[in-house]
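Grab your favourite viewer and work through a few exercises with me. Try each task by yourself before reading the solution under it.

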Amino acid sequence: MPSPSPLASALAALDRGEGASAVRLLNETLRRASLSRDEELAVRCALAEAWLLQGELTRAASALGRPPDSLREAISPVRASALWRLHGRIAFARGDQSRAIALHGRALKQAEVAHDSQAIGLAHYELGLCYKQVGDLAIVREHIAKAASALHAAGDRRHLALVHSQSGITLAQAGRSDEAMAALRQAERLASSVEASDVLATVCGNQAVVTMMQHRYDQALELAERSVALHERPDAGPGLAVSLATLGQICVKQGDLARAEGALHQALQVRSAIQFHETTGAVFDTLAQIHIIRGEYEKAAEYLDQAGDAYGAYGAHTSRWYEWSVKVLRARLALRRGRTAQAVELAGEIEGAEAAPPADALQASLIAIEALTESGRFEEAEARLSGVSDRLDPRAAPAAWGQYLRLRGALQVETARTNDAYHDLAQSASVFELLGERYESALTHLALGRLVATSGARSTARRHLTRAREVFSALGASRDLQALEEAETLLGETGTGEYLGFSADADDAIIRRIVDAAALPDLLGQETAAALLEAAGAEWVAVFVHQESPESYRLLGRAGCDEPTAVRLARAAVRGGSLESGRIHLSLEPLGRGRSGRRVAVIAATHAFGYPVARRLRMIATVARQGFDLCAAREPAPAAPDETAQHPLEPLLPGFLCASATMARVVEQIRRLQGNDLTVLITGESGTGKELVARAVHVGSHRRDGLFLPYNCTTTGRDLADSQLFGHRRGAFTGAVTDQPGLVRTAAGGTLFLDEIGDLPLDVQPKLLRVLDQQEVMPVGETRPQRVDVRVLAATNADLEQKVAEGTFREDLYYRLSVIRIHVPPLRERREEIPHLATYFLREACARLDKPDVQFSPEALDAIVQYWWPGNVRQLRNEIQRAVAMSAPEDVIGPAQLSPELSGLQIASINSLDGAKGLPVSAAGDLATAVSQVEREVIRAALTRCGGNISRSARTLGLTRRGLYLKMRRLGIQARLAAD
């Protein structure tokens, strides 16, 4: 086998993200003197891609040269699309988003003229990135969806992985974290399949961001470390800085400030011609947070200034949402410096700005409440706190909820509601410990220790203050350590003697605390354990789920003990025995049943419980059980993995492309059918793909593991159809030598697809109706009906209403079949999908026939797009298979190699147009030139007849308005001619 050419090797290196290797190979290719102009432009485009991979902006621009509109010679639309797109990428990297959008728009137009699926997909992807930069997520989603269809058709898995990765980030920003992670997992699979380590690094970094947003910091840390490791290679691009910035943010959340600072400073040292100002701003932003925690306020202010400068480096072209983080930090810094009036003013500016992101506006409100409380303006703080509670969702923003609880507790301390304050602060500490945010947890333990110390409970206060000291010392939080030392002086003073915690007169606070904890299932288990521990005066409590097997249980919460002890408690409770020590009494409280098993709380104490204590334990258990039931009701029912639901950008089935509004509606209908077992009638012309739709419905159902059995109702007569569908007993008729189950029973547990249902013999229709209504089948020769579990999908290209009117189809069966109707539009009504379908079928045929690198000429693609395809998708697929079969490997399919009805399409259409007869056609030149001349004259004639009205001209020509514009642009017909 001959070795691949340097250009082919370079393109393979680009697919893997190996920019340096690609540059070397492409420079070698450029030195060859035999390159045509088009080949030279192709190499220069690839070279620019290679330099951009390494962040070398100037070299990429040099490799590209001038934009297409300044070139003297004519170039192909697909080459022009690549040039415009790469110039757009350079503009994007330089921060000129308006210019980048304009250039990518020109790239998209040229790609559509060329009918090139990969070029169309890349242009849509780049436009999605541009619009994300300016904050228009609706347009981002639209471009991403179109890019996915086109790139899937082209088989470009590298860029399809990037599309899924970008989709994941967009979904995460919309609060759809589970869908975001599903999209990112698909991106990871695609990137791994092409060994694109740079794309895989980007995907891992995005996964780290999403898991950080979900407060799963340990998992986020692993993903960020993997992203950094993948980026750390000799020819790595500027993505390393992004991964290091993410790693630094995660370490701050976990309280590992030393490692965070090291990663952030390393990110600042990553040099690239492409300056990611937002990443630089985020690094300075996070460094400012570190120094606020340490109490180094002057240094924090310097970093905030640098962050503001970095975010503003793009000027008007940058997305403004990054700047809100700096504004929030400035307000927090003012608060930490004791400048409460300034903090309230800065926070108010953020709250009053319509453009402020909701999360930043919420943080500003919390800062303002804390500043008002510290300055003694309690009524104002109470009013603002009430407003925050109305817009705070603990499930969506658990960290903000923990801050809210701490602030509410602080206000209750100031207004002498100390027992309520204790429960709010204790719950705040539980929230932050659950989230793994060590610094915030330490702040709450400091507030708890201070409160409990004033009551005189020195041992409890000392426990809280000690936990706060451990964290503050590890973080180097000097100002917080000073506040802690002041709180420790209270330990030597005489307390108020007030009992704080789970006292007999605090049942309302206990109930409220458990009810509030139901917002987060994991928190509810922990809070239930804490409430039972203090109410019983017990030593240990474990809350767990007892699953099916005797030794199978899952801890939900524990109090007073470590995890091994909690496991011992659960094991002892499951076995119905006791702990090794006979002095420990075990008491069990049932907490209801969940999907995975029975919930139980086991309480271990050195003493037996009297009636008052037992009554309070039952009360707590009852409230907790209701909370667990509420959590279970909020959670969606677990379902088997569903590729369709997980990856909305992926086609429902191979070849099921969706690039038009009409097919998007079909896909939406199919998705809505998931989870039910209704009968579906699929209508549409022959060859539109009705069986593919039926298979997609089956794959999206709970019957996906069962059989999908198709049956064409036109193939047999009445007697044979009865036997084939419903089966027969041996001896039921001549030739019935064995029992046959029939197709209905064979498809039991799966789906039976009845194609061309309108041709089903009238005598057989009542038996099918019984299957649909009663789920019963009567085989030929049987005397008793038999139960059968099968879903029936039917399809027809006939007018069933007309058949009902003619008496050839039963009306009751018609209404029973059409519970849900899906209409598949003909191919001529979704012309925008023809280039993608043609590309997909071309790849499929090349692989099947072992004829690599067969391509369509632009003229052939024009003919394919223009043809009206009476046989729809089936005819298109067969046409492409025939063309590939008649071609040699690496051949270019031209119009002459297509079927006669396609190759002579434009010439034949002249005589069918009113007023188009007699148009001159030059005999000179090849067929493509003649066809272009005819098209040009036909369009001019149509425009003249319609007075320059584009819409009427398009209808006359059988084109869409957009299709007519594309043809006018390709044929050089100026738009002004339409107005003449």
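Here come some exercises on a predicted model, each followed by a worked solution.

**Exercise 1: the overall picture**

Task: find out how many helices and strands the protein has, and what share of its residues is buried.

Solution.
- Start with the secondary structure: the count comes to 45 helices and 13 strands.
- Next, turn to accessibility. Of the 980 residues in the protein, 52% are buried.
- Finally, check the contacts with a separation of 6 or more: 65% of them link residues 24 or more positions apart.

**Exercise 2: three helices in a row**

Task: work out how α22 sits against α23, and how α23 sits against α24.

Solution.
- Take α22 and α23 to begin with. Their axes come within 9 Å and cross at roughly 155°.
- Angles over 145 degrees count as roughly antiparallel, so α22 and α23 get that label.
- The crossing of α22 past α23 is left-handed. On the α22 side, the contact residues include Leu425, Ala429 and Phe432, and on the α23 side they include Thr444, Leu448 and Leu451.
- Now go on to α23 (residues 438-455) and α24 (residues 458-475): here the angle is about 150° and the axes lie 8 Å apart. That makes this pair roughly antiparallel too.
- α23 also passes α24 in a left-handed crossing. Among the residues that meet there are Tyr439, Leu446 and Ala453 from α23, and Leu465, Ala468 and Phe472 from α24.
- Keep an eye on His445 and Leu448 of α23: they are listed in the contact with α22, and they also turn up among the residues of α23 that meet α24.

**Exercise 3: a serine inside**

Task: is Ser430 buried or exposed, and which residues does Ser430 touch?

Solution.
- Locate Ser430 in helix α22, which covers residues 418-435.
- Look up its relative accessible area, which is 12%. The cut-off for buried is under 20%, so Ser430 is buried.
- List the contacts, skipping residues up to four places away in sequence: Arg513, Leu523 and Glu527.
- Then zoom in on Glu527, whose side chain makes a polar contact of 2.9 Å with the side chain of Ser430.

**Exercise 4: an alanine for comparison**

Task: put Ala61 into its accessibility class and find what Ala61 is in contact with.

Solution.
- Ala61 belongs to helix α4, residues 57-64.
- The relative accessible area of Ala61 is 23%. Partly exposed starts where buried, under 20%, stops, so Ala61 counts as partly exposed.
- Leave out the neighbours within four places in sequence, and you get contacts with Ile90 and Arg94.
- For a distance check, take Cys45, 16 residues away along the chain: its C-alpha atom is 9.9 Å from that of Ala61.

**Exercise 5: the antiparallel sheet**

Task: write down the strand order of the four-stranded sheet and describe the hairpin of β3 and β4.

Solution.
- The order is β2-β1-β4-β3, in an open sheet with antiparallel pairing.
- The edges are β2 (553-559) and β3, each pairing on one side only. From one strand to the next, the twist averages 20°.
- Zoom in on β3 (residues 585-594) and β4 (residues 597-605), joined over eight bridges. They form a hairpin with two residues between them.
- Read off bridge partners: Gly594 stands opposite Gly597, and Arg593 is opposite Arg598.
- Finish with helix α27 (residues 521-536), which lies across β1, β2, β3 and β4 and runs at about 50° to β2.

**Exercise 6: the parallel sheet and its helix**

Task: give the order of the five-stranded sheet and say which strands α32 lies across.

Solution.
- The order of this open sheet is β6-β7-β10-β5-β11, and the pairing is parallel.
- β6 (708-712) and β11 (820-823) are the edge strands. Neighbouring strands are turned by 20° against each other on average, direction ignored.
- Inside the sheet, four bridges join β5 to β10, and Val680 has Leu793 as its bridge partner in β10.
- Add α32 (residues 690-699): this helix lies across β5, β6, β7, β10 and β11, at about 155° to β6.
- Now pick out the buried residues of α32: Lys690, Val693, Ala694, Ala696, Val697 and His698. They pack against those five strands and also against α31 (661-672).

Methods. Residues are numbered from 1 along each chain as its sequence is written. This is a predicted model: local features need pLDDT of at least 70, side-chain atom pairs count only at pLDDT 80 or more; totals for chains, interfaces and linings use all residues. Side-chain values use heavy atoms; hydrogens and water are left out. Two strands pair if DSSP finds at least two bridges between them. Buried means under 20% relative accessible area, exposed over 50%, partly exposed in between (1.4 Å probe, protein chains only). A polar contact is a pair of N or O atoms within 3.5 Å; within protein, one must be able to donate a hydrogen and the other to accept it, and residues adjacent in sequence count only if both atoms are side-chain atoms. Contact means heavy atoms within 4.5 Å. Axes are lines fitted to C-alpha atoms, for helices over the stretch in contact, and angles run from 0 to 180 degrees between N-to-C directions. Angles under 35 degrees count as roughly parallel, over 145 as roughly antiparallel, 65 to 115 as roughly perpendicular and the rest as oblique. A crossing is left-handed if the near helix is turned anticlockwise from the far one by less than a right angle, and right-handed if clockwise.
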